Structure formats: structure tokens, C-alpha cells
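Here's a quick walk through one protein model, aimed at someone who'd rather be at the bench. Keep the viewer open and click along as you read.

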Amino acid sequence: MEREDFNMPLSLKRLQVRDAFWGDEMELVRTEVIPYQWEALNDRVENAAPSFCMRNFKLAGRMNRERLEKGALFQEPEYCFRGFEALPEDPAHLEDRFYGFVFQDSDFSKWIEAVAYSLASHPDPALEGIADQAIEIVCAAQQKDGYLDTYYILNGRDKTFTNLKDHHELYCFGHLAEGAVAYYQATGKDRLLNAARKFADYIDSYFGPGEGKCKGYPGHEIAEMALVRLYEATGEKRYLALARFFIEERGKQPYYFDQENPEEARKHPHMLRYHYYQAHLPVREQKEAVGHAVRAVYLYSGMADIARLTEDESLFEACQRLWRDITGRKMYLTGGIGATHIGEAFSYPYDLPNGTAYAETCASIGLVFFARRMLGISPRGEYADVMERALYNGILSGMALDGKSFFYVNPLEVNPEACRRDERKSHVKAVRQKWFGCACCPPNLARLLGSLGSYAFTENQDTLFVHLYMGACIQKDIGGKQVRVFLESNFPWEGRVVARVCAKGTGFRLALRIPGWCSGFSLTGCSQQEREVKDGYLYIRKQWGEEELLELDFPMEVRLMASHGQVRENAGKVAVTRGPLVYCLEEADNGKNLHQLLLDAQGSYKVQEEEICGKTVNSVAFPGYRRKQGENSLYHVYAREELLPVSLKFVPYYMWANRGENEMQVWVTVKNEKELG
């Protein structure tokens, strides 16, 4: 671990995204997604699952006012568990009670974080006014001691922090802190930041290594990296110490979760349990990514943060092991993780089913969090390659092109009839949904896209790292002198990148990622002596003039990808990729029964530009075959099938299901010339 390599995300206030692809996505978030999600949080989207989020905050605020008015006569609610998700008995007549999942508060926090990133790059007084009003509603719910979680405020404070394993108080705090820091950095307003700090101070007074303090830790991780962010924004070292405590305490025996619920130990007496929560072993002893995929990558992100700030080599080594396990044995080609719907979890190595894949949008987002933090410690191309893959494929597929419907689950193969009639695939949807009762993914997606510039570009004292290629104007200060870099790119359709650098007399160094999907690259604008290739990055240091032009070209060839031999479902199959994009077959282009199509790997492909749903994209055509329908009997004696020549049309995976309900398939069976003979 080399401290001089450490790099941090670029402030959104020092860059302007001017990218045709990601710029459109960020503008969609600003103009459509954020307003739509505000309506959803207030239960005003017709035919969508209700959120109850802002309603819960308003009720908690009203309870606070009643407490003040009645004084000693106010009767505090006594805790009553009504289920992990509390739904109204009569939706037409709501009672003054908490509704939704135990973590419902977090939807606001992710939404306000997305708002913050939008305001940082595009000031909007009207949106800021709505956000300020929302913040007042949330802050009005905060308790005198700093506690701020409407599930227990409305249901009864007498049971707070008694079910850390399942009840998400620290998770909700984590998202609140993330959103509060982002809003403060974007607007300078500290109303929500002060509320988050007050809650953090209360948590710090309750948990920790001191005598009499609780030795628990979050059941659903995120507080770890949120506390780090709160520490970096405020300089308060107690927050860093608390984050480290949660990391160090996790997985120690006797298990804290057993102390919460001794019956758990009696029911499940085996030595190692709590895999689902990544609490089965101390974090440094964990060698395999297990359990709930979102929780896992949130934990690993927090571990990487602590490793960087404390220069903890053993913790970083644990992060590296877990990274290799995920990306080497448990990740879909799309950057999706979490193969099984049972526990929304990682499965065993190389178990990557396509039609029952879970691959939650939030899990891919968490993988991007993890990747960026690993890049911050050690800038290696492998981390950015995975980040890019997840962003363009497994994450972007989670939102429709109009920003008003969403996938929770991102499979690699879909048969709509199976989604409706096969309970084993009931978690898979053939069309995106307007909203979810458990709506973690839509606002998570919005906050990631809104802050994408801080993932594309990071910096240390004298170096700007370009991890993702997008058009942007970037400013950097080196020793009081201003550096400006202007990037032009038409990713993901073309591999040409132009960089204009204004850095005279600064000692500036530019680090450009060499994508893992290209076999080589060309560069003009600097000599061999001024460049160095290291760990997947091209470092350029030179005596810069007033303005210098660099031109790179990363050839985007179509590649047919195969799986490891242990991925049983993909045996004899390939997937089509080009540049950072994974492609798929859709029924809209290729007809029904996609499983009967075969790809001729020996044939010549054709890349063509076309318009799909108002978007100009590149599709890929491959020669192929369709099995001719033969015997009608359920079983029959095998005979060589007749194959009918067809042209197979592949479209970007992230765009699937934007043209109505239809079949989709990423992996396609290959027929080579010998088999065709």
C-alpha cells in the first residue's frame, strides 16, 4: 500500500460533464427521475406501490409537536412489532402509524443525495426549495437526544438498537449521513448535516469499545463508509473511530447477534453462522464473498475506506481477496452480482444462472462503490474495468430510457411466460416497474448517476486519473497554479478520445486508463519518453505548453466472450460484447423462442448505427441459424436438426425491455463449421 498512490474523487464543483451519453443520463436524472421519485416518496404516482416514506416523517414530526404541547401528559408509544414490512389493513383509510419496510427512511436520504449532486452541477432554485422543505420535514422528526429513525419513533423508542441484525437503524443513519454531507457540499446548507451529526453523536455515545457501551454492529452495512464520509467532511475523529470499531467488531465470537437473540444460537448451533450478514468471521479472516450481495459490497467498501485512512495493510489484503473472489468467480458478464434470489445473495463459485439471476441493481452499484475505493488505494485498471462494466450494463439496465420505471433484478435471460407462471422466477420481471414497496434501487441509481463524475475522475497531489471516458471540463490546482483538462469522447460507440491539456509550468501528470477490452491503443501528442504504462494506466508527464492536444484511439472490436468451464449454464455458448457494452438478443428483433437460435462464430459480423426508442445506438448483426421445428412429440429419437439461416441482431443489454414485454437472452449457443456440416 503506497500512500503516494492514494487518490480521491474529484469535487463535482470542479468538473462539468459534457458527454453525449452520460450527459444525457444525468440530465434525465435531473429533469425526470428526481421529480418522479419525489412524487413516489409522497405516494402520488398512480398505480405504483406506495412508499409511505415522507408520510412517516410527517407523522413523527407531528408526534414531536404533540410531545411539546402535552408535556408530562404525552403518552409515549410502546414498541409493537408489526412485521418487517408494515402495510395498512385498509389502504383507503390509513391510521396514524408507521407503514412500509423498517428501512423506509433511507429512500428520502438517497433521494436528497441525488438532488445534491444535481444542484452541484446545475443550480436550480425551485428544486433546492423543494429539497429544503423536505429537509425541514425530516429534521422535525428528530428526537431531542439526536435519534432519527421513524420506525422506532412511531412504533416505540423502548426497543431501539435491540435488533441490529434486522432492523436497519444504522443502515438508515448511514444513508442519512451520505445525503447530508452531499447536500452540505453542494449548497453550503448544514441543516441536514447537523441532524446527521447529532444522530452520529448519539450512536457514538451508545456503541464503542468503552466500558458499558454496546459492542454491536450493523446488520445491513453502510454506516461504516458513511461515518468515514462524515469524518472527512467534518474532521471529527470520533466518526472514523466508530467506523473502525464496527469493522473490527464484526464476526467476533461470541456473536453479538446471539446476544440479541439467544434463540438463534439454540436453533442454529453450528460454529460459523451469520454468513448472510458477513458476520460469520472477523473481516480479515474472510476469504470468500458470501451472503446478501448488497450488504457485502457495502461492507467491503467501508473496509477499503478504513484501510486507506489507517494504512492498514492486512485490511487491504482482505479487500483484495474478496475482490478477486467476486470478480473472478461470482460476477456476471454484465457486472451483476448476487446469483440467487434466496437471500439476494452470492451463490457458490461459478454458479451464475441466467434465467433466475438476481443481480440486484443496488448490488452492482455497491460493486462500483467498492471499485472506486480500491482505485483510491491502488490505481489498477482491473478495478476501473469492473466499474465501467457494471455502469454501462448491470446498473443502467435498472432504469427505463424515460427514467420512470425500474428493474430491481437484472437477469441475463427472460421468458415472460415463465416470469408469470413459474414461482421459481417470480422475482424476475419482464417489464420495469413504476416503483417498489422496497424501493432501494431507484434512488440509489439516481444518486450514483448524479455523482458519476467523481467516479470517472480522481486525483492526488499532482495527478489526474481518468478511469472512465466521458466528455468533461476538469479543473485542478497544483501549487496554486490552475490546470484545465478538456476531454471529448463518444464512448461507448467509438473509441476515440481527445484531451486538451492546459498545464504550463505545473508538473502535472495525467493518468489515462487503458481499457481491458481493447487489444491495443494509439496515442499522438506525446513522445515515448513522456509516457509510462503501469497497472493498466498510461501515465503522461511532460513539459506542458499553454495548450496541448492528445489523441487516443481504443479500437472497439466485437468480441465473442466465453465463460469459465465451471459455469454450467454457459457451456457451448458465447456472449457478444463491443467496447464496454454487453449485447443481447430481443424478441422484438429476432422473433420468439430465442433459445432455438444458434450463432455462427465463423461468420462476419456487422456493426450498424440505428435508432431504438429515439436513441441512436450501435447494434451488431451476426450470421446464425434457427432450429427448424421437428417432431411434435414430447420425446423422440434424436436426429440431426435442420437449421435455417437467419441474421441475429444484438442490441445493448442496458436497453432491453424498452420496447414492451418480450424475450431476452445474452448467452447464445455456438455452432461451428464442423457441427454445421
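What follows covers some helix pairs, a few buried residues and some backbone oddities.

## Before you start

Bear in mind that this is a predicted model. Local features are described here where pLDDT is at least 70.

## Helix 14 and helix 17

Let's begin with helix 14, residues 361-377, and its neighbour helix 17, residues 441-450. Their axes sit 9 Å apart and make an angle of about 30°. At under 35 degrees, that angle makes helix 14 and helix 17 roughly parallel to each other. The crossing of helix 14 past helix 17 is left-handed.

Which residues meet here? On the helix 14 side they are T361, C362, I365, V368 and F369, and on the helix 17 side C441, N444, L445, R447 and L448. Sorted by type, this contact has seven nonpolar residues, two polar ones and one charged. As for helix 17 itself, 10 of its 10 residues are buried, so the rest of the structure largely encloses it. That buried set includes P442, P443 and R447.

## Helix 14 and helix 13

Helix 14 also packs with helix 13, residues 313-329. This time the axes come within 12 Å and cross at roughly 135°, which makes helix 13 oblique to helix 14. Here, too, helix 13 passes helix 14 in a left-handed crossing.

Helix 13 brings F316, C319, Q320, W323 and I326 to the contact, while helix 14 supplies L367, F370, A371, M374 and I377. Nine of these residues are nonpolar, one is polar and none is charged.

While you're in helix 14, look at S364. Is this serine buried or exposed? S364 counts as buried because its relative accessibility is 0%. Beyond its sequence neighbours up to four places away, S364 touches G335, G336, I337, A390, G394 and I395.

## Helix 2 and helix 3

Now jump to helix 2 (residues 53-70) and helix 3 (residues 105-121). Their axes come within 8 Å and cross at roughly 110°. An angle from 65 to 115 degrees counts as roughly perpendicular, so that is how helix 2 and helix 3 lie to each other.

Helix 2 makes this contact with C53, M54 and F57, and helix 3 with D105, D107 and F108. The tally is four nonpolar residues, no polar ones and two charged.

## The nonpolar core and some buried residues

The largest nonpolar core has 235 residues, and the members touching the most others are F108, F207, Y300, M303, F457, F508 and F650. Take Y300: leaving out neighbours within four places in sequence, its contacts are Q278, Q286, E288, A289, V290, C319, L322, I326 and F370.

F650 turns up again beside V576, a residue in strand 17 (residues 573-578). V576 and F650 are 74 residues apart in sequence, but their C-alpha atoms are 7.7 Å apart in space. At 1% relative accessibility, V576 counts as buried. Besides F650, its contacts beyond four places in sequence include V558, L560, Y583, L599 and F622.

M225, in helix 8 (residues 223-234), is buried too, with a relative accessibility of 2%. M225 touches E178, Y298, S301, G302, D305, F369 and R373, again not counting residues up to four places away. From M225 to A243 is 18 residues in sequence and 7.2 Å from C-alpha to C-alpha.

## Backbone oddities

Where are the cis peptide bonds to look at? One joins Q253 and P254, with omega about 0°, and P254 belongs to the loop between helix 9 and helix 10. Another joins F491 and P492, with omega about 5°. P492 lies in the loop between strand 9 and strand 10.

Two residues that aren't glycine have a positive phi: F52, at about 70°, and A359, at about 45°. F52 is in the loop between helix 1 and helix 2, and with 5% relative accessibility F52 counts as buried. A359 is in the loop between helix 13 and helix 14, and A359 is buried as well, with a relative accessible area of 1%.

Notes
Residues numbered from 1 in each chain as written. Predicted model: local features only at pLDDT ≥ 70, side-chain atom pairs only at ≥ 80, totals over all residues. Heavy atoms only, no water. Axes fitted to C-alpha atoms, helices over the stretch in contact; angles between N-to-C directions. Helix = DSSP H or I, 4+ residues; strand = E, 2+ residues; numbered from the N terminus. Parallel < 35°, antiparallel > 145°, perpendicular 65-115°, else oblique. Left-handed = near helix turned anticlockwise from the far one by under 90°. Contact = heavy atoms within 4.5 Å. Nonpolar A, V, L, I, M, F, W, Y, C, P; charged D, E, K, R; others polar. Core = buried A, V, L, I, M, F, W, Y, C linked by side-chain atoms within 4.5 Å. Buried < 20%, exposed > 50% of the residue type's maximum accessible area, 1.4 Å probe, protein only.
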